[in-house]
Amino acid sequence: MGGVNAAGRTSGHQAFRRTVLDALPVEEQERTLIGLAAMMQLISHQQDGGWQDIHGEPIATGELASQVRQRVLDHTLIRRNEDAAFNADGIPANRHTQMHLERPLTFQARRRQLPDPLPETWQVRDIDGRLVEVSVPAGVLDVLLPERRQAQVRAAGQLPCGFEPGRLYRSVHHPRGLSMAVFGASDCLGQSGLDWQALHDRLDPGQVAVYAGNSIGQLDDPGWGGLLKSFVSGNRATSKQMPLGYGQMPADFLNAYVLGSVGATGAIQGACASFLYNLRLGIEDIRSGARRVVMVGTSDAPVTPEIVEGFRSMGALADDDSLKALDALSLLTDSDYQRACRPFARNCGFTIAESSQFVLLMDDSLALETGAQILGSVPDVFVNADGWKRSISAPGIGNYITLGKAVRLAGEILGERAVRERSFVHAHATSTPKNRTTESHVLDTVARANGIGDWPVAGLKAFVGHSQGSAAGDQLTSALGSFAYGLIPGIPTLDAVADDVHAERLRLFREPLAFQADAAFINAKGFGGNNATGLLLSPAVTERLLVQRHGQAAIDAWKQRREATLSASADYDQRADVGEFSVIYRFGEGVLEGPELTIEADGIHIPGYARPVSLAVDNPYGRLDGE
């Protein structure tokens, strides 16, 4: 797994550790704080092993954690939006105005700044080669006057302050979501401890797939956001904005610049369930035998003024006025913004966030053969729509089906007692009044139907906010952290469970919960009726299933091969913890256009690829005799 969100880096469980920080041993707390501080460029690691602060002054290793602690706590997770446009500076905008000129108006401007075509009543006189004088007659003049609009929503789940993924490689004005995708996929490969080239060389290139995208596309200025407002803003559209804005572009970037894959590719969009939709594609490919390795992920960067305003106008976000009313406040402080997201409590809307999350899937035989590090397994993801709806954005009935199926599958694999006693739920838990009622009813009724009496429920968005299509990726990678550390993050903003929450059979808690889980249910409820629930099994349970399928001798041999993988993974983690990131971006390397290929009836040989692409196909339709 790899990626980044408001809690930090996904690899090494850094982001997870940030969400359970106070429950960790002191040395793990210090490791987490120092790693985040290095990521945020608050400190820098020197060649001699020492550390310096941002002013170049040396810091004793024993003092590092205490010096950076408060800064790290204040500038990770949900907080006041640190983009100046969302605060004192205001958001750049224009206001349409009709100016009534009582007398003619004369002004000077550069010729290339004049509208084309010129209004018929304007008179223009050349001053020099570039400058002109313009005379506008009295009357009504339509103009756009620049202004700075004060943000009505200031809480956001931004990446740790100071961390800019686009600075880690030659990003050349890439949209933020794509820079995050490049980092996330690189982080995933680094954490895996595997040599990607060696892994790729042992496979038919067609046995590799990438399913990655996002729920909205790239709507910041380097993507479709800048393109769509180019006319009204007076800026010129670039040749990159159109292609880089597409929602499947994270997959395209991974194929072209990170993995060099020629296998299956694509992205499926399902609003807030997009990560699980893509995960389902990968699982189905591997179960069918069509692929052996699949990288799955999403990368969303929706913290832009326009997207925030879109969600605010539909009443979905926790805006400043609503937060004030919720707590009877006249002024919001930094600590109030940090408490903006309150799943299953009295709340007023979700908090928008950015995140990039990727996981590497393998079939079990290949994982054993390569000595892969196994963090867990995903037997299936269930997807169901809501049927007839009154409002396209309102929740419906599909989530009862997805969660019900996931729980039944878990019971078939683990037994009903394990589901009742050793499973937990990563709820969608957006922090809207509607979600707290509807999702809690889904969870509570499914728990009752399966004899579950005290089901632990995590609400991760209280920490990292709602990253749209990447939300379930945040949840899944957090659940992997729970398996590794035996802790489920609490909901620290849950002062009291709201009266309309159905929680008779749910365990909702504020502090991290010590819990040894066999399974986690990753739940997502997206606008439009995009419901999905994935079943995630712990590494211990996964190993037991592997023993059952392959035998103990095969598992013992895998563990021996795994030693080298774990060592490489640990080396990567140590480098990342001091701010040394190995971002993969291979622009223009090994480019092929077709004539270089050797094409035969049963395969295609590609220069630079160890094995040919097999052209064998499955034909379930029968064969006609004759010509």
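How much space lies in the largest pocket? About 1300 Å³. Keep in mind as you click around that this is a predicted model.

**Stop 1: the largest pocket**

Select D221, K229, T304, P305 and E306: of the 47 residues lining the largest pocket, these lie nearest its centre. Now colour by element. β7 (91–101), α7 (230–233) and α11 (305–313) each put at least two residues into the lining, and α11 gives the largest share, with five residues. If you colour by residue class instead, you get 18 nonpolar, 14 polar and 15 charged residues around this pocket.

**Stop 2: the second largest pocket**

Next, pick M362, G376, S377, V378 and T542. They lie nearest the centre of the second largest pocket, which has 34 lining residues and a volume of about 1100 Å³. Which helix supplies the largest share of this lining? Select residues 539–550: that is helix α20, and five of the lining residues come from there. The class colouring here reads 23 nonpolar, seven polar and four charged.

**Stop 3: the six-stranded sheet**

Switch to cartoon view and look for an open sheet of six strands with mixed pairing, in the order β17-β24-β23-β18-β19-β21. The edges are β17 (377–384) and β21, each pairing on one side only.

Start with β23 (residues 519–526) and β24 (residues 530–537). These two run antiparallel and are joined by eight bridges. To see one partnership up close, show K525 together with N531, its bridge partner in β24.

Then move along to β19, residues 455–458. Are its faces covered or open? Both are covered: W455 and V457 on one side are buried, and so are P456 and A458 on the other. In a regular strand, side chains alternate between the two faces of the sheet.

β19 has a parallel neighbour on each of two pairings. Two bridges join β18 (residues 423–426) to β19, and V425 is the residue that stands opposite V457. Another two bridges join β19 to β21 (residues 506–507), also running parallel; here P456 stands opposite R507.

Add residues 433–449 to the selection. This is helix α17, and together with β18 and β19 it makes a right-handed β-α-β unit.

**Stop 4: aromatic rings**

Show the aromatic side chains as sticks. There are 16 aromatic pairs in total. For one of them, select F107 and W122: the ring centres are 6.1 Å apart and the planes are at 85 degrees, so this pair is edge-to-face. F107 lies in strand β8 (residues 105–110) and W122 in the loop between β8 and β9 (123–126), so the contact ties together parts 15 residues apart in sequence. With a surface on, F107 is partly exposed at 28% relative accessible area, whereas W122, at 17%, counts as buried.

Which kind of pair do W224 and Y246 make? Their centres are 5.0 Å apart and their planes at 65 degrees, so they too are edge-to-face. This one links distant parts of the chain, with W224 in helix α6 (residues 224–228) and Y246 in the loop between α8 (241–244) and α9 (249–259), 22 residues apart. Y246 is partly exposed, with 37% relative accessible area.

Before leaving the rings, select Y169, F253, Y257, Y585 and F587, which form one aromatic cluster.

**Stop 5: the enclosed cavities**

How many cavities of 30 Å³ or more does a search of the whole structure find? Two. The largest holds about 90 Å³ of space. To get there, centre on N5, A15, F16, T477 and S478, which lie nearest its centre among 14 lining residues. The elements giving two or more residues to this lining are α1 (14–19) and α19 (471–485). By class, six of the lining residues are nonpolar, seven polar and one charged.

For the last selection, take V407, R408, G411, E416, V419, R420 and N450, the lining of the second largest cavity. That cavity has a volume of about 40 Å³. Its lining divides into two nonpolar, two polar and three charged residues.

Key:
Residues are numbered from 1 along each chain as its sequence is written. This is a predicted model: local features need pLDDT of at least 70, side-chain atom pairs count only at pLDDT 80 or more; totals for chains, interfaces and linings use all residues. Side-chain values use heavy atoms; hydrogens and water are left out. Buried means under 20% relative accessible area, exposed over 50%, partly exposed in between (1.4 Å probe, protein chains only). Helices (H or I, at least four residues) and strands (E, at least two) are DSSP runs, numbered from the N terminus. Two strands pair if DSSP finds at least two bridges between them. A crossover is right-handed if, with the strands pointing away from the viewer, the path from the first strand over the helix to the second runs clockwise. On a 1 Å grid over the protein atoms alone, a cavity is a set of points where a 1.4 Å probe fits but cannot get out, and a pocket is an open set with protein on both sides within 12 Å along at least five of seven lines; lining residues have an atom within 4 Å of a point. Grid points are joined across faces, edges and corners, and a volume is the space filled by probe spheres set on the points. Ala, Val, Leu, Ile, Met, Phe, Trp, Tyr, Cys and Pro count as nonpolar, Asp, Glu, Lys and Arg as charged, and the others, Gly among them, as polar. Rings of Phe, Tyr and Trp (its six-membered ring) pair if their centres lie within 6.5 Å; planes under 30 degrees apart count as stacked, over 60 as edge-to-face and the rest as tilted.
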